[in-house]
Structures are given as C-alpha cells and as structure tokens.
Amino acid sequence: MAKRSAPEVNAGSMADIAFLLLIFFLVTTTIETDTGLNRKLPPIDDEQTEPPIIKEKNIFTVFINGKNQLLVEDEVMELKDLRKAAMEFLDNGGGTGDDACSYCHGKKDPSSSDNPDKAIISLKNERETTYSTYISVQNELVAAYNILRDRRAEELYGMTLTQMEKDSDDVNYRGNKEKLKEKIERIKIEYPQKLSEVVQ
Amino acid sequence: MGKFNKKKSGNLPAINTASLPDIVFMLLFFFMVATVMRQNTLKIQNVLPSADQVEKLDKKDLIMYIYVGQPQERFQSQYGKESRIQLNDKFADVGDIKAFIAAERASKREELRDYLTTALKVDKDANMGIVGDIKKELRKENALKINYTTRKGDISENKK
C-alpha cells in the first residue's frame with residue numbers, strides 16, 4: 001500500500017483571519033474597573049425613634065468643607081495624618097469597668113473613645129466638596145479599620161484578616177471554612193466599622 | 001542565461017511566517033478573555049478616583065451602574081457643564097433613579113433581588129452635592145448596598 005498523504009490545507013490566510021478578530025477585540029476592549037469601596041447606607045426609619053445618647057468623647061468628627069479642607073475634631077488636619085488620628089481614636093480603649101477594652105493598644109486617654117465598639121466616626125461633607133477628596137477620606141478611614149483588624153487577627157490567629165478573607169473565598173482552601181468564618185466574625189465584632197455620615 | 005540567474009540572484013530567503021498565526025492567536029485569546037463588553041455608552045467624563053482599600057466586586061450581573069460626571073464636550077451645548085447623572089444610555093435626573101431601580105429589580109430573579117448592589121461610578125471632579133442626592137434617593141428606594149467604584153492606586157493621585 002502506498003502511503004498517500006492528505007493534501008495540506010493552505011493555512012496562509014489564517015493569520016489574516018486571526019488579525020481581523022484581534023483588531024475587533026482590541027477596539028472593543030475596555031478593561032472595566034470592578035473594584036471599589038463597599039458601603040452600606042442607613043435605612044430610612046419613619047418612626048422618629050429617640051436617638052441613643054452617645055458621649056461626646058466617643059465621636060470622632062471629620063468634616064470636609066467646600067474647599068476640600070479637612071477639619072478633624074475641630075482642628076485642621078492634613079489628609080496624610082487622618083489615618084493615624086483615626087487609628088488612635090478607635091484603638092484608645094479609655095473605658096473602665098464594663099467598657100474596658102482588653103485588646104486595645106491605645107493610650108487609654110480618658111478623654112477619647114471608651115472602646116472600639118462605642119467609637120463612632122462621623123463624616124460630614126458639604127455639597128461643594130469634590131468627590132475625589134471624599135473618596136480619599138473614606139479610604140483613609142476604612143484603612144484605619146483594616147489596619148486595626150489585621151493587627152488583631154495577627155495577634156489571635158497569626159495571619160491577617162485580608163489573608164483570612166482570601167482563604168474563605170478560595171474554593172481550594174483546605175482548612176475548616178466554618179471555623180474561619182467564625183474567626184473573621186469575631187474580629188469584625190471586636191473592631192466594628194461604625195462610620196456614620198451626616199445627611200444634610 | 002536564465003538558468004544561472006535563478007541561482008545567482010542573492011535574494012534573502014523569505015522569513016518563515018508559519019508561527020505568525022500562533023502569535024496572533026495568543027494575543028487574540030488574551031483580549032477575548034480580558035474583554036468586558038461595555039453595556040453603556042458613556043456620555044459623560046468618567047475618570048474614577050483612586051483608593052487602595054478596595055474590594056473586588058463579584059457577580060457582575062447583580063450590579064446597577066449609576067454614572068455621574070460632566071457631560072462630554074459634544075453634549076455640553078445641550079446639557080451644560082454641570083455634573084449630570086447617566087442611567088443606561090441617557091442623561092437623567094435624580095428623580096429618574098426611582099424608576100431605574102424598579103426596572104433593574106424587575107429584571108432580576110426574585111431571590112436575587114436582595115443582593116443587588118449599586119455601583120456609583122462618579123467622576124473625581126464631581127461634587128458631593130449630586131452624590132448626596134443620589135444616596136438620599138437610594139435610601140428612599142431601600143437600595144442600601146452601594147459601592148464607590150474606584151481605581152486601585154494611591155490616594156495622592158486624586159489631588160491632580
């Protein structure tokens with residue numbers, strides 16, 4: 001039997017076809033940004049419930065004026081110092097008795113917050129505030145929470161919260177996911193994100 | 001003489017282009033995978049601010065996009081230079097958000113409606129007034145999960 005090879009297909013135009021498709025996708029591609037800061041808005045409650053009484057020292061006021069200047073606790077502050085100031089406030093742990101905070105590293109200044117659970121950051125802005133400044137401030141405040149949470153997770157479980165959350169989303173994670181979720185919950189209870197925004 | 005010409009013409013040998021399709025295909029696949037078809041044509045400027053504490057948005061189909069920014073130049077004669085809201089393909093007012101959310105909710109399966117997130121894609125030069133109005137409207141509609149869409153980067157980039 002003579003071996004008869006099949007005639008070769010001419011693939012010379014393959015490159016052209018591929019190029020055509022390539023150019024189409026090049027033109028239509030927009031690599032969409034799908035990252036951002038997640039926030040939850042407070043629901044509107046119709047019944048005028050009495051607002052809980054919060055001590056002045058447990059509130060950390062941040063105000064951005066129309067010229068994008070920052071007023072923190074009634075003092076002018078640069079954006080770069082905000083993260084540190086927020087961390088010091090949240091981690092102060094100045095409470096005594098029931099309000100004492102066993103895991104805080106702060107200065108325990110009695111004139112600052114009692115414990116992270118009571119500490120509230122109140123953010124206020126004007127209509128003229130630029131969005132980018134607002135996002136910068138939000139970012140710094142979220143960063144303060146994230147750093148404290150990461151540090152606490154490191155102390156308790158030897159890894160950062162970021163890593164723990166990554167593991168809990170990972171389908172190939174081998175450890176006990178239920179336990180991991182409990183651990184994450186615990187950190188989030190110890191350092192709850194209490195960021196309230198003033199509505200004009 | 002023709003016989004000899006053939007041999008003597010010292011042309012460079014043609015470059016072998018057999019692997020060209022492979023290279024092009026490789027690029028093609030990259031772009032095919034990376035492509036997200038834009039759902040909305042933007043009529044506004046939309047340079048997002050940067051932040052570094054970002055979380056990733058998953059479940060792309062459960063996101064409602066609200067765009068805010070200054071109208072692009074070709075629309076400025078009609079709509080002015082003030083920041084405007086864009087919903088789907090049209091300019092909109094704050095009052096239109098209500099209908100927009102209702103429509104988005106209706107288009108999703110019932111058990112998924114609670115997971116809808118509103119992504120606010122706001123230009124970094126917009127002012128907070130319009131964002132505040134949107135937030136107020138979202139609260140009225142009980143669409144409380146929001147996401148300030150940002151690029152990943154240092155916040156110092158926001159100052160420019």
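## Helix crossings and a sheet

Helix H3 and helix H5 of chain A cross in a right-handed way (the near helix is turned clockwise from the far one by less than a right angle; left-handed if anticlockwise). Helices (H or I, at least four residues) and strands (E, at least two) are DSSP runs, numbered from the N terminus. This is a predicted model, where local features need pLDDT of at least 70 and side-chain atom pairs 80 or more, while totals for chains, interfaces and linings use all residues. Residues count from 1 along each chain as its sequence is written, and chains are lettered from A and ligands numbered from 1 in written order.

H3(A) covers residues 131–157, and H5(A) residues 177–190. The two pack at about 130 degrees, with axes 10 Å apart (lines fitted to C-alpha atoms, for helices over the stretch in contact; angles run from 0 to 180 degrees between N-to-C directions). H3(A) and H5(A) are therefore oblique to each other (under 35 degrees is roughly parallel, over 145 roughly antiparallel, 65 to 115 roughly perpendicular, the rest oblique). On the H3(A) side, Arg149(A), Arg152(A), Ala153(A) and Tyr157(A) meet Lys183(A), Ile187(A) and Glu190(A) of H5(A) (C-beta atoms, placed from the backbone, within 7 Å). This contact has 3 nonpolar, no polar and 4 charged residues (Asp, Glu, Lys and Arg are charged; Ala, Val, Leu, Ile, Met, Phe, Trp, Tyr, Cys and Pro nonpolar; the others, Gly among them, polar).

Now let us look between the chains. Helix H1 of chain A (residues 14–28) and helix H2 of chain B (residues 20–34) come together, and H1(A) is roughly parallel to H2(B). From H1(A), the residues in contact include Met14(A), Ala18(A), Leu22(A) and Phe25(A); H2(B) offers, among them, Leu20(B), Val24(B), Leu28(B) and Phe31(B). This contact has 16 nonpolar, no polar and no charged residues.

| Helix pair | Axes | Angle | Crossing |
|---|---|---|---|
| H3(A) and H5(A) | 10 Å apart | about 130 degrees | right-handed |
| H1(A) and H2(B) | within 9 Å | roughly 25 degrees | left-handed |

Chain A also holds an open sheet of 5 strands in the order E4-E3-E2-E5-E6, with mixed pairing (strands pair if DSSP finds at least two bridges between them). E4(A) (75–77) and E6(A) (195–197) stand at the edges with a single partner each, so one side of each lacks a neighbour in the sheet. On average, neighbouring strands are turned by 30 degrees against each other, direction ignored. E2(A) (residues 59–64) and E3(A) (residues 70–72) run antiparallel, joined by 3 bridges. In this pair, Ile64(A) stands opposite Leu70(A). H3(A) returns here: this helix packs on the sheet, touching E2, E5 (120–125) and E6 of chain A. Its direction makes about 160 degrees with that of E2(A).

Definitions and conventions
Contact = placed C-beta atoms within 7 Å.
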